[in-house]
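Here is a short note for someone opening this structure for the first time. The points start with one pocket and then turn to the chain as a whole.

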Amino acid sequence: MENNNEIFEKLYIAHQEKFGHKSEKKYFSPSRINIIGEHIDYNGGKVMPCAIDIGTYGVVSCREDGVYGMQSLNMDRTGQYQSHQLDFAKSKNWMNYPLGMIRCFKEKGYTVPGFNMTIYGNIPSGAGLSSSASVEMLVGKIINDMLGEPFTMEEIALMGQWVENQHIGLMTGIMDQFAIAKGKKDHAMILNTSNLEHKYVSLELGEYTLLIMNTNKPRSLQESKYNERRSQCEKALEVLKKSIQIEHLCEMTVAQWQEVQHLVSDEVLNRRVKHCVTEQARVEAASEAMEKGDLEELGKLLIQSHESLKEDYEVTGVHLDSLVKAAVAQAGVIGARMTGAGFGGCAIALVAKANIREAMDAIKIEYLKDTGLEAEFFMVGTSDGPREE
Ligand code: GLA
């Protein structure tokens, strides 16, 4: 993989070529993995994501005419937009994310000065590592700096979620933007999505490491069942609200759920809630395990999380299942699960450093046999949040 300097060098050249002048500032925004706590950030649950050191690089320069010029080295489409042309349009492609952020600042009463921006992401796209939130947080940081920092990074995270929900129409939770905006090197975050309280846990994995495994089965969230899952949870919550006092599904402990689960008679909705409640309990257990340095226990919880996402939440699919199954069958792999929204994309595995080479080789062979696709592996570090470089 190219290093930071090489990437910025590429961006300077492309920026100058496209816009006819030099860029003035350079930025980086990480992407994220989620260690555990999946599909519960829109159910008031606790999640445990971690910002990682692959992400989106950007260079910018000001322009006087108020126009926003955009290019990405990953995508063909480029564009120049004025401040009355910010609305979502399919044809705007990736630029909907930066334009959505500009629109959000505008809705909050700020005039965003014109700028040219060239970006490049070294995140595999459609892999569930949150390339879109990475772009949103990059642009949010750039604009916030331009305006003299009227917003905190927590507020910028919420603005990113606004872009997903109101601009793009994907009803995602707050996890991705928050994990990126407030990322801390060498740490995972435990975020309570019902009130945004959060703390950091040291990601000290000793003789183990986290391996990212890409199914190379791209998923598109818009086309996936993401919004459907969210509305199933809302339906189940409505049913429960008729009989018990509850704001979010994840308020319930597993024991409390067992007492009231007969109220949710629809079998599918019942399983959706079961996932949320048990996943929340697994996050609590994972957090304790990490504090004690009990990585074997963490590994077991990852495996249980995947099982629940497969059987009860039904967001894994044959590719992720095959990859996780191949991973946990290898010596030195103590846990694995899908990460992010699911329906394709990436999984993570907790692997003994001593076994990593053989594990990757064997997983690759198994997965290819099963699916006909080549799995891809990434060993990444953790990262601080978006920043000027
Ligand atoms: C996507 C969404 C997040 C979260 C995960 C699933 O990444 O953007 O808000 O719901 O899926 O945990």
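**Notes on the second largest pocket and the chain**

1. The second largest pocket holds about 280 Å³ of space. Its lining is made up of 16 residues, and those closest to the pocket centre are Leu203, Leu205, Thr209, Val380 and Thr382. Please keep in mind that this is a predicted model.

2. Which strands supply at least two residues each to this lining? Strand S2 (46-62) and strand S8 (208-214) do. S8 gives the most, with three residues.

3. By residue type, the lining of the second largest pocket has eight nonpolar, five polar and three charged residues.

4. Turning to the whole protein chain, eleven helices and twelve strands are assigned. The chain has a radius of gyration of 21 Å, and the globule rule for 389 residues also gives 21 Å, so the chain is as compact as a globular protein of that length. Along the principal axes, the C-alpha atoms fill a box of roughly 60 × 55 × 40 Å.

5. How much of the chain is buried? Of the 389 residues, 58% are buried, taking buried as under 20% relative accessible area. The area that the protein chain exposes is about 16,300 Å², with carbon and sulfur atoms supplying 46% of it.

6. The last point concerns contacts along the sequence. Among contacts between residues at least 6 apart in sequence, 71% join residues at least 24 apart.

Conventions:
Residues numbered from 1 in each chain as written. Predicted model: local features only at pLDDT ≥ 70, side-chain atom pairs only at ≥ 80, totals over all residues. Heavy atoms only, no water. 1 Å grid on protein atoms, 1.4 Å probe; cavity = no way out; pocket = protein on both sides within 12 Å on 5 of 7 lines; lining within 4 Å. Points joined across faces, edges and corners; volume = space filled by probe spheres on them. Helix = DSSP H or I, 4+ residues; strand = E, 2+ residues; numbered from the N terminus. Nonpolar A, V, L, I, M, F, W, Y, C, P; charged D, E, K, R; others polar. Rg over C-alpha atoms; globule rule 2.2 N^0.38 Å. Buried < 20%, exposed > 50% of the residue type's maximum accessible area, 1.4 Å probe, protein only. Contact = heavy atoms within 4.5 Å. Areas by Shrake-Rupley, 256 points an atom, 1.4 Å probe, with all protein chains shown as cover.
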